[in-house]
Amino acid sequence: MPSENLKRVSMVEKVGYASGDFACNLIYATVSTYLLFFYTDVFGLSAAAAGTMFLVVRVIDALADPFIGTIVDRTNSKFGRFRPYLLFGAFPFAILAILCFTTPNFSDMGKLIYAYITYVGLSLTYTTINVPYGALTSAMTRNNQEVVSITSVRMFFANLGGLIVAFFVPLLSTYLRDTTGNSALGWQLTMSILGIIGACLLIFCFKSTKERVVLQKSEEKIKLLDIFEQFRFNRPLVVLSLFFIIIFGVNSISNSVGIYYVTYNVGREDLVKWYGLLGSLPALIILPFIPRINKWIGKKKLLNFALLLNIIGLLALLIVPPSNVFLVLFCRLIAATGSVTAGAYMWALIPETIEYGEYKTGKRMGGLIYAIIGFFFKFGMALGGIVPGLILDKFGYVSNQIQTSQALTGILITTTVVPIIFLILAIIDINFYNLDEEEYAKMVRELENRDKVYLDNIDEFKIQKLES
């Protein structure tokens with residue numbers, strides 16, 4: 001009979017867990033996709049200033065990740081190690097998101113300072129929620145197929161949140177802008193609606209999930225310097241960390257520049273919501289089948305195929321004329337199919353690196369390893385602000401005007417060529433991942449034996465204490 005750590009997780013709990021990423025995406029996908037545009041075209045910051053701010057904020061946020069991960073791994077509360085952060089971080093996260101889309105009547109410098117403060121606050125709060133949320137997967141089960149299943153459900157809901165953001169945020173913000181006669185107020189009200197819904201869903205996630213995996217006392221001694229021990233012994237973690245920075249860089253660049261490409265190159269601002277919708281729509285069809293595809297072809301082939309499909313879609317988008325709306329949207333769909341597949345499946349590999357780290361070092365560092373991953377993907381996300389911002393500025397982009405041919409070229413390069421280069425690097429990187437299915441199964445059996453010995457020793461200690 002399987003141990004508690006290896007039992008199947010109910011679909012109700014999987015959906016409850018997935019609601020957490022749905023919540024985060026309602027808020028943070030809106031920030032990642034539209035905040036740069038909001039800063040340049042509504043708030044009034046220059047593209048260069050906004051792009052630089054994205055880099056600075058993400059660097060600060062990334063540097064904070066390991067510290068937050070260490071704190072998480074030392075947490076020991078009546079709610080568990082990871083779940084309390086969902087409960088207590090939910091509403092601060094929503095409030096700070098609303099403040100990011102608020103436009104106070106300050107001077108240009110005052111606006112920039114305000115943007116830095118609110119964006120840093122939002123990013124740090126997001127990390128404080130997201131690191132323990134991600135690590136919670138590894139605490140729910142050691143069963144690899146269940147981890148892939150949990151992750152697939154999670155990514156389905158995450159992309160559903162992204163789809164809602166991509167399609168309804170432009171629709172809702174435009175409706176509220178037209179209703180109130182104030183573009184800034186329209187964005188603020190839109191973020192207020194999403195923030196409140198997101199906070200409630202995070203609390204639902206907290207109430208729906210359970211931490212099962214045995215946590216041994218040695219984990220209480222986890223310290224920040226353990227990061228270097230992990231990078232020394234945990235090759236899968238090193239490979240996956242690099243993969244995350246690349247993939248998040250590609251996705252962040254594609255998402256943030258998409259609104260510029262459709263608005264100016266295609267010349268159809270009304271299609272922004274449809275372009276965004278097609279970026280998430282494939283997830284609703286593909287993600288339910290990822291556990292089966294994973295069993296069929298294995299992790300490396302799955303990721304290589306997904307990355308190649310993304311490249312093909314972007315190459316086609318580079319070639320087709322922007323005036324051909326059907327082909328533009330079709331190419332977007334092809335690229336997004338590869339993107340969401342790779343972007344979803346890579347999360348299922350993180351628990352493997354946690355198990356591998358415990359196997360090699362004797363310490364289970366779920367929070368710290370998720371923080372390490374977070375440290376890297378935050379730099380990838382920073383690329384979504386700094387790269388488009390600097391390239392657009394270099395090619396002479398001026399907001400709310402008809403763009404020059406040079407500016408349009410800059411938008412096209414940022415939309416296609418830059419992501420393709422990163423995707424080629426991702427293919428090279430993931431082929432160094434050395435933890436196959438057979439090795440993973442052997443490793444889990446060893447860890448289960450260690451857990452059994454640990455629990456037997458605790459029981460023996462309790463008996464001796466009672467006898468004495």
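## Arg83: buried, no salt bridge

In this predicted model, Arg83 is buried and yet has no salt bridge. The nearest side chain of opposite charge belongs to Glu211, and that one is 5.2 Å away. A salt bridge here would need a side-chain nitrogen within 4 Å of a carboxyl oxygen, so the Glu211 distance doesn't make the cut.

So what does lie 2.7 Å from a polar atom of the Arg83 side chain? That's the backbone oxygen of Phe206. Phe206 also turns up among the residues that Arg83 touches, along with Leu136, Lys207, Thr209 and Glu211, leaving aside residues up to four places away in sequence. As for where Arg83 sits, look in the loop between helix 2 (47-73) and helix 3 (84-100).

## A nonpolar patch around Ile424

Now over to the surface. Ile421, Ile424, Leu425, Ile428 and Phe432 make a nonpolar patch of about 480 Å².

Ile424, one of these patch residues, is part of helix 16, which covers residues 417-430. Is Ile424 buried, exposed or partly exposed? It counts as partly exposed, because its relative accessibility is 44% and that class sits between under 20% for buried and over 50% for exposed.

## Arg450 in helix 17

Another arginine to click on is Arg450, found in helix 17 (residues 437-467). Its relative accessible area is 29%, so Arg450 is partly exposed, whereas Arg83 is buried.

Which residue, 88 places from Arg450 along the chain, has its C-alpha atom 9.5 Å from that of Arg450? It's Gly362.

Definitions and conventions. Residues numbered from 1 in each chain as written. Predicted model: local features only at pLDDT ≥ 70, side-chain atom pairs only at ≥ 80, totals over all residues. Heavy atoms only, no water. Patch = residues over 30% accessible without salt bridge, like charges linked within 9 Å, V, L, I, M, F, W, Y side chains within 5 Å. Areas by Shrake-Rupley, 256 points an atom, 1.4 Å probe, with all protein chains shown as cover. Helix = DSSP H or I, 4+ residues; strand = E, 2+ residues; numbered from the N terminus. Buried < 20%, exposed > 50% of the residue type's maximum accessible area, 1.4 Å probe, protein only. Lys, Arg positive; Asp, Glu negative; His and termini not counted. Polar contact = N/O pair within 3.5 Å; in protein donor to acceptor, adjacent residues only side chain to side chain. Contact = heavy atoms within 4.5 Å.
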